[in-house]
Amino acid sequence: MKYTLSINGKNHTVDAPEEMPLLWAIRDLAGLTGTKYGCGIAQCGACSVLIDGRLVKSCSFSVSDAINKEIFTIEGSSETLEFLRQTWNDGNVPQCGYCQSGQLIAATKLLDAVEKPTDKDIDDAMSGNICRCGTYTRIRKAIHKAVALKNNAI
Amino acid sequence: MSSKNTVSRRNFVKIFGLASSGLILGCNFSGKTPKIVRIDDGISFAPNLFVQLKKDGKLILISSRSEMGQGVKTSLASAIADEMEADWNFVSVQHATGNAAFGNQNTDGSRSVRTILTPMRKMGAMAKMMLISAAAKKWNVAEKECVAENHYIINTKTKEKIFFGDLVEEAKKVSIPSDKNIQLKDKKDFKYIGKNLKSVDLHDFTHGTAIYGIDARLPNMKFAAIARCPSPFGTVTSFDKTEALKITGVIDVVALDRVKRAFGMLGGVAVIATNTWAAFQGKNNLEITWNLGDNGNYDSKKYKQLITDRVHKKGKIVPGGKGNINKAFKNADKTVEATYYVPHLVHAPMEVPNALAWVHDGKCEVWTSTQTPQRAREEAANYLGIDKENVTINVTLLGGGFGRKAKPDYVVEAVALSKKMNAPVQVVWSREDEMQHAYYHTVSAQYIKGSLDDKGKVTGWLHRTAFPSITSTFKPLSDYGAGFEFAQGFNNHPFQIPNIHLENAKAEAYVRIGWLRSVAHIYHSFGINSFVDELAAKANKDPLLFNLELIGNNRIRQGRSKYPLNTKRLKNVLNIAVKMADWGKKLPDGHGIGLTVHYSFYSYVASVVEVSVINDKVKVHNIYTAIDCGLVLNKDNVINQMEGAALFGMSLTFYGEITAKNGAIVQSNFHDYQMTRMKDAPTIEVTVVDSDEPATGVGEPGVPPIAPAICNAIFNATGKRIRELPLKNIGLV
Ligand code: FES
Ligand code: FES
């Protein structure tokens with residue numbers, strides 16, 4: 001089946017069976033490799049994207065369900081994501097970096113949904129994302145700092 | 001640096017695997033003696049293989065070790081840039097391809113900085129000297145009147161300055177200084193070394209533009225998934241590909257034979273497709289009858305009993321003992337005995353093993369996440385029966401390695417399939433493949449008996465260990481531990497005990513055994529440092545004082561090591577960590593505190609952990625770690641590694657367990673092989689000791705103290721001893 005996917009505001013036409021997970025359509029067919037494979041069973045969050053603003057594990061979401069929706073990946077840009085990039089950079093957060101696409105997407109969703117997330121909010125929002133290198137404490141700090149930046153900017 | 005020669009542009013491109021233009025500084029590390037190789041590509045100043053300066057000032061530095069999150073690319077490049085007086089803003093860093101010209105490229109054993117820091121500094125210093133000569137010549141002044149500063153050469157008399165990039169042409173004509181004339185900077189003048197430089201890949205990491213092996217793309221490439229026998233080295237009896245071929249996108253199904261080498265492929269049935277998912281689906285649709293082979297009976301539950309029984313009987317004596325253990329036990333005031341068990345573990349780097357290979361025209365090119373590009377090159381060449389010179393290994397970023405990516409079996413698979421398909425083929429392991437066909441961290445049982453005199457001093461130490469050896473992967477039927485495994489904590493602990501007796505019991509391997517971040521230190525540290533805490537309790541002493549007493553007086557252990565153990569440094573990190581933790585403070589109800597100090601990879605690390613145990617749930621609240629790793633290249637990176645090691649140690653303490661039934665691995669993905677997550681993450685404080693001693697490892701040494709420190713804290717909170725990992729099996733998660 002031919003599908004048109006709108007990824008970060010740009011249309012990509014892909015030829016995929018309807019049950020193909022969105023992850024592989026994005027990576028192998030649309031050619032955007034920033035979204036990562038980690039487990040394929042919605043356990044690690046490496047494949048996180050936003051679909052119409054909703055946080056989705058793209059390894060467990062069919063490509064056909066993403067039609068006529070706006071897909072946002074790590075290659076995209078939003079005001080919130082830019083704040084997070086800034087504080088990720090300031091805190092030298094990534095180690096191997098592989099999980100960080102998913103971490104940043106999940107954090108973007110958190111900041112878009114909650115004005116001033118508490119540590120508990122961060123635990124709840126970020127525990128679907130595994131970082132084998134163990135950058136959690138830095139991620140937590142960077143999220144708090146991004147919130148401060150964002151709230152100051154308003 | 002003995003001989004000098006110049007490499008042509010063509011050869012240069014062959015070595016680098018990239019088209020370059022600009023001054024390239026090269027050093028040939030073939031064998032042990034580094035040789036200088038000067039490269040002339042016509043455009044850059046390149047006096048050795050690691051430095052390439054272009055006319056626009058851009059400076060490309062080469063990292064011969066693989067970046068997998070440990071910060072090595074940034075660290076090594078910062079050492080070159082520092083000595084060169086380069087401006088960091090002009091620097092970019094690339095991985096070297098697999099080539100003996102770069103010296104040993106194996107990225108494991110936490111040794112990159114320790115072994116090549118000085119050579120890398122020399123690469124930078126050499127470039128600086130040559131740029132100074134070039135400028136002096138231009139100005140017609142003496143070299144000593146010129147200094148390098150922030151990408152410029154400055155004439156100290158006239159204050160005139162020339163940009164590095166503008167010296168490329170002139171510098172190319174300068175002859176290479178001899179090794180003895182290369183002067184390294186004084187520590188106090190360091191600009192980047194010891195400072196908190198950020199990762200050179202930060203921008204890519206946060207924009208999805210970092211390229212890992214799994215992201216490598218070539219025109220017309222195919223994707224492959226391989227079904228491998230559930231038990232190691234089993235074979236395919238028959239298979240039916242009908243259902244696999246029905247999957248849209250599946251191109252072909254082919255059988256692969258095992259390559260009987262330590263890093264050869266396991267073999268199996270491969271599905272080739274136009275995308276990764278179709279390959280995965282096709283693989284799931286294969287009908288295969290396996291012959292499970294010799295390892296088909298492996299049952300880890302029975303095996304646990306077997307090796308536990310064995311450490312309760314006499315074993316082979318391991319060197320490192322002294323005194324008379326029987327006498328010590330006979331004269332003891334008290335004795336303590338305990339048995340410890342740590343199961344198999346798997347690496348689970350977030351990026352699964354993968355490789356893209358393209359075999360064509362008698363040549364082979366590979367793009368892969370590898371810790372060992374030269375080993376990958378060798379395996380590829382061996383498989384194809386071609387000369388190594390015809391194999392190029394392009395090293396991408398690694399989405400974690402932890403030892404898994406030091407074993408290039410997956411590269412052989414990609415090479416074999418590319419050859420069969422006559423097209424570029426990328427082999428991608430699923431997470432299930434990664435967990436079920438690994439080179440596992442070994443399984444171990446240990447028995448320790450200690451004696452105390454009436455003052456609570458340790459007089460005797462009997463330690464038996466049993467674990468399938470890594471050697472078995474290289475030499476089948478190696479049923480006993482190897483010297484390097486004993487030297488990881490077992491027969492070189494720092495304790496001052498008059499009577500020591502060490503034994504090793506037989507342990508056959510039924511899976512491929514490999515090394516995993518901090519290797520044998522994981523189980524030896526767990527056994528030893530848990531037992532020290534048991535002895536302290538028996539002696540009725542505070543664990544801090546007990547540990548300090550056991551380490552004993554300040555001394556440097558003499559031996560063959562270039563980095564002999566210094567007990568003063570060991571006690572120092574312990575004292576720092578307990579101070580950070582405010583050891584002895586009053587703890588809330590249900591809380592407990594534990595400590596461990598351990599020496600590994602020539603670094604000294606102490607961790608103090610505070611936990612609470614409430615309703616049988618252990619929660620780690622704080623981890624305080626102090627490390628002395630000699631001269632620090634990048635302090636923030638060391639801190640990052642200690643934080644990561646704490647989480648890695650927590651994962652194995654709470655959840656890490658690979659089991660086998662009927663030869664097959666039971667766990668398959670993150671639902672049954674769990675990891676520490678954000679909600680479990682404690683606060684972690686790290687102190688890095690300021691030191692002038694030689695730089696030693698940081699990637700691994702943070703791991704060994706964590707498990708025993710957590711378990712000692714649980715004892716402190718509850719009075720319950722943990723002698724077996726992981727905690728999930730004893731209802732504490
Ligand atoms: S790859 Fe989707 S959650 Fe792990
Ligand atoms: S930074 Fe490596 S997995 Fe998170």
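Begin by selecting Ile143(A) in this predicted model: leaving aside its neighbours within four places in sequence, Ile143(A) is in contact with Leu84(A), Trp88(A), Ala107(A), Leu110(A), Leu111(A), Ile122(A) and Met126(A). Now widen the selection to the largest nonpolar core, which has 233 residues and in which Ile143(A) is listed among the residues with the most contacts, together with Leu22(A), Leu417(B), Trp461(B) and Ile710(B). Helix H18 of chain B, residues 635-654, supplies the largest share of this core, namely 10 residues. A second core, separate from that one, can be selected next; its 48 residues include Leu53(B), Met84(B), Met120(B) and Ile132(B).

Stay with chain A and select strand E3, residues 48-51, where Ser48(A) and Leu50(A) point one way while Val49(A) and Ile51(A) point the other, all of them being buried. In a regular strand, side chains alternate between the two faces of the sheet. Add strand E4 of chain A, residues 54-57, which pairs with E3(A) in the antiparallel sense over four bridges, with Ile51(A) opposite Arg54(A). Between the two strands of this hairpin there are two residues, and Asp52(A) takes a positive phi near 50°. Then add strand E5 of chain A, residues 70-72, whose pairing with E3(A) is also antiparallel and runs over two bridges; here Ile51(A) stands opposite Ile71(A).

Move to chain B and display the open sheet of five strands, which follow the order E17-E25-E24-E23-E18 with mixed pairing. Strands E17 (316-317) and E18 (334-342) of chain B stand at the edges and have a single partner strand each, so one side of each is left without a neighbour in the sheet. The partner to select beside E18(B) is strand E23 of chain B, residues 444-452, since the two pair in the antiparallel sense over nine bridges, and Val342(B) has Ser444(B) as its bridge partner in E23(B). Next, bring in helix H8 of chain B, residues 300-310, which packs on the sheet, touching E18, E23 and strand E24 (458-466) of chain B, and whose direction makes about 155° with that of E18(B).

Finally, colour chain B by its domain assignment, which gives domain 1 (3-207), domain 2 (215-294 + 353-428) and domain 3 (300-346 + 440-730). The C-alpha centres of domain 1 and domain 3 of chain B lie 40 Å apart, and 22 residues of domain 1 of chain B are in contact with 22 residues of domain 3 of chain B. Between these two domains of chain B, the buried area is about 1,600 Å², with carbon and sulfur atoms giving 51%.

Technical notes:
Residues numbered from 1 in each chain as written. Chains lettered and ligands numbered in written order. Predicted model: local features only at pLDDT ≥ 70, side-chain atom pairs only at ≥ 80, totals over all residues. Heavy atoms only, no water. Pairing = 2+ DSSP bridges. Contact = heavy atoms within 4.5 Å. Axes fitted to C-alpha atoms, helices over the stretch in contact; angles between N-to-C directions. Core = buried A, V, L, I, M, F, W, Y, C linked by side-chain atoms within 4.5 Å. Buried < 20%, exposed > 50% of the residue type's maximum accessible area, 1.4 Å probe, protein only. Domains from an automatic or database assignment. Buried area = accessible area lost by both parts, 1.4 Å probe.
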